[in-house]
Amino acid sequence: MTTSVAHSPRPKAMARARWAIADTVTVTKRNLIRFMRIPEALFFSTVQPIMFVLLFRYVFGGAIPVAGGSYVNYLMPGIFVQTVIFGAASTALGLAEDLQSGLLERFRALPMAHSAVLSGRTMTDLIRNAFVIVVMTAVGLAVGFRPMPNPLDYFLACIVMMLFAFSLMWAFAIVGLSAPNSETAQLMTFPIIFPLTFASTAFVPAASMPGWLQAFAKNQPVSQAVDAARSLMVGGPYHDTKAVWVSLAWSLGLLMLFVPLAVRRYRRAT
Amino acid sequence: MAEQLAVAARGLSKTYPKGGVKALEDFDLEVPAGQVVGLLGPNGAGKTTAVRILSTTLRPDAGTAQIMGHDVIADPDGVRRVIGLAGQYAAVDENLTGFENLEMVGRLCHLPRPSVNARADELLEQFGLADAGGRVVKTYSGGMRRRLDLAAALVARPPVLFLDEPTTGLDPQSRLALWDVIEALVSGGTTVLLTTQYLEEADRLCKDIVVIDHGRIIAHGTPANLKADLGATVLDLMMTSPEAAQSAALLLSDLSDKPAHLEGSTVELTVDEGPKTAAEALRRLDASEHELLGLALREPSLDDVFLSLTGQRTEVDTEAVVAGQKTKGRRAAKETS
């Protein structure tokens with residue numbers, strides 16, 4: 001054992017940026033290996049949205065009248081958005097676990113780019129969300145979902161939803177870093193997720209809600225993402241280009257707010 | 001001056017917002033390059049807080065600290081490039097293999113890519129984990145996990161090493177093995193700051209010991225100094241009742257130059273010549289018709305150091321230590337099975 005010192009020289013700005021990317025890749029790779037080693041987690045993360053599809057398609061759906069008549073076409077964009085939001089919440093769980101296990105403590109004592117711990121986490125959850133969207137598309141098609149035959153718009157819808165999920169992940173990162181343990185982190189995400197996803201246009205038209213709730217349901221960001229996805233995937237009565245732009249604006253706004261807050265929280269998390 | 005000192009801390013203070021407990025108060029520390037200094041104290045004494053501040057993972061409320069001349073507040077990245085951190089709170093990833101853990105740390109230290117793998121293999125070999133390197137850490141025993149944890153701290157060959165309770169919760173055999181590893185590192189010139197709850201550990205590994213309690217330094221010296229202050233042996237006499245213990249303590253008070261301590265119906269005497277004093281105590285108790293339930297001679301424990309330094313037991317802390325060890329032991333047992 002030698003003490004030959006000075007392994008890495010003091011970084012310049014360019015090197016810092018390069019390291020931030022390299023470190024994000026390293027952390028993402030580590031997180032993805034965990035997924036591969038626990039395939040059950042990936043499998044069961046698709047079970048819940050499939051249950052929701054079946055529940056709304058076959059149990060509630062018949063009682064919900066929608067424009068255009070096809071409830072499954074109305075439902076699926078809502079399910080996609082709900083699914084990516086639940087996926088975004090796993091950012092809280094992942095960070096809380098790493099905080100609890102002491103791994104974050106090791107990361108914080110390493111000369112790595114500290115933002116990489118968060119960006120690596122969110123990249124991982126984004127990749128997983130992409131996978132779940134593919135699975136859910138297949139499930140949707142199997143239960144009668146018939147999107148417009150326009151792959152580009154479908155892809156754009158996925159981008160809009162993923163960007164929205166990505167912006168929420170940074171908010172959930174703050175939840176995960178503030179939670180006393182991983183179990184609590186998961187519980188703490190529910191009061192955020194439930195009102196946002198259910199008091200939205202994801203499953204029922206806002207017009208069916210009482211007036212005071214309509215105002216919230218129509219304008220909150222989840223509804224904007226759902227309306228945008230519905231416009232791009234189904235079109236027709238749901239065509240709404242404005243919702244696409246509003247949703248993108250929401251996502252960028254949330255990112256500008258929550259990325260710095262999350263990084264600050266990470267620096268102080270104990 | 002900064003060149004010769006690997007660790008220099010002055011006036012470090014930290015109060016956690018939760019509960020407002022002063023975890024560290026006006027803490028000074030100097031570790032010369034190439035030395036091993038032990039930070040000794042019970043759970044909650046502030047050892048981990050000190051290590052966390054020195055390893056840049058926690059900001060102090062007041063005070064300054066430099067590691068190899070890098071300031072922990074002004075140049076944390078500079079500090080991170082010269083330190084390795086291992087121990088109870090810095091973990092390895094259970095779902096990665098031993099090799100993958102070391103590879104990840106090597107990448108995050110920005111070592112050249114080819115040398116990362118070579119270094120990982122070298123460390124696995126050195127720590128007796130070569131065969132287990134391809135296995136997921138979940139399957140490791142407690143001792144293997146600690147060795148990997150230490151290996152992870154050494155990936156970038158840091159000149160300064162922080163070891164936070166490296167052997168807490170380990171079985172005696174794994175503890176001895178880890179001590180050998182730490183001694184080898186030190187003979188290679190690495191500076192080590194080690195925290196521990198075990199006097200024996202500090203005694204074996206450290207040249208210099210700093211004893212802390214409630215966030216304050218209460219004693220500082222070589223192991224020999226501290227023990228000399230304390231007396232070599234503790235004599236425990238188990239009597240039939242607290243009253244009997246009281247009268248026995250009175251009877252034997254001249255056998256020790258320190259006041260006897262009563263713990264329930266047990267009398268504790270700090271003595272210099274254990275066996276001889278024990279024989280004398282037995283004679284006197286027998287002559288005065290005190291019934292004796294049991295007798296023990298033992299090495300002074302950390303608790304005895306505290307008793308002698310502060311005049312009172314750290315009862316709550318000691319209980320926490322015992323409870324903590326129990327749970328950790330259980331976990332380790334589960335891991336080995």
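## A two-chain model at a glance

In chain B, strand 1 (residues 5-15) runs antiparallel to strand 2, and seven bridges join the two. That pairing is a good place to start in this predicted model. From there, the tour takes in the rest of the sheet, the domains of chain B, the helices of chain A and the contact between the chains.

**The four-strand sheet of chain B**

- Strands 1 and 2 of chain B belong to an open sheet of four strands, ordered 2-1-4-5 and paired antiparallel.
- The edges of this sheet are strand 2 (22-32) and strand 5 (70-71) of chain B; each has a single partner strand, so one side of each is left without a neighbour in the sheet.
- If you want to find the pairing of strands 1 and 2 on screen, look for B:Thr15, which stands opposite B:Lys22 in strand 2 of chain B.
- Helix 1 (residues 47-54) of chain B lies across strand 1, strand 2 and strand 4 (62-67) of chain B, and its direction makes an angle of about 120° with strand 1 of chain B.
- As general background, strands of a sheet pair through backbone hydrogen bonds, either parallel or antiparallel.

**Domains of chain B, and a second strand pair**

- Chain B has two domains: domain 1 covers 5-227 and domain 2 covers 232-299.
- The centres of domain 1 and domain 2 of chain B, taken over C-alpha atoms, are 40 Å apart.
- Further along chain B, strand 11 (residues 233-239) and strand 14 run antiparallel and are joined by six bridges.
- Within that pair, B:Met239 has B:Leu292 of strand 14 of chain B as its bridge partner.
- Strand 14 (residues 292-298) of chain B is hardly covered, with zero buried residues among its seven.

**Chain A, built from helices**

- Chain A contains 10 helices and zero strands.
- Its radius of gyration is 20 Å, close to the 18 Å that the globule rule gives for 270 residues, so chain A is as compact as a globular protein of that length.
- Along the principal axes, the C-alpha atoms of chain A fill a box of roughly 75 × 35 × 35 Å.
- Of the 270 residues in chain A, 46% are buried.
- Taking contacts in chain A between residues at least 6 apart in sequence, 80% join residues at least 24 apart.

**Where the chains meet**

- Chain A brings 26 residues to the contact and chain B brings 33 residues.
- On the side of chain A that touches chain B, helix 1 (13-37) and helix 4 (103-108) of chain A each supply at least two residues.
- Helix 1 of chain A gives the largest share of that side, seven residues.
- By type, the residues on that side of chain A are 10 nonpolar, nine polar and seven charged.

Terms used. Residues are numbered from 1 along each chain as its sequence is written. Chains are lettered from A and ligands numbered from 1 in the order in which they are written. This is a predicted model: local features need pLDDT of at least 70, side-chain atom pairs count only at pLDDT 80 or more; totals for chains, interfaces and linings use all residues. A residue is buried if 20 or more other C-beta atoms lie within 10 Å of its own, exposed if 12 or fewer, and partly exposed in between; C-beta atoms are placed from the backbone. Two strands pair if DSSP finds at least two bridges between them. Two residues are in contact if their C-beta atoms, placed from the backbone, lie within 7 Å. Ala, Val, Leu, Ile, Met, Phe, Trp, Tyr, Cys and Pro count as nonpolar, Asp, Glu, Lys and Arg as charged, and the others, Gly among them, as polar. Domain bounds come from an automatic or database domain assignment. The radius of gyration is taken over C-alpha atoms; the globule rule is 2.2 Å times the number of residues to the power 0.38. Axes are lines fitted to C-alpha atoms, for helices over the stretch in contact, and angles run from 0 to 180 degrees between N-to-C directions.
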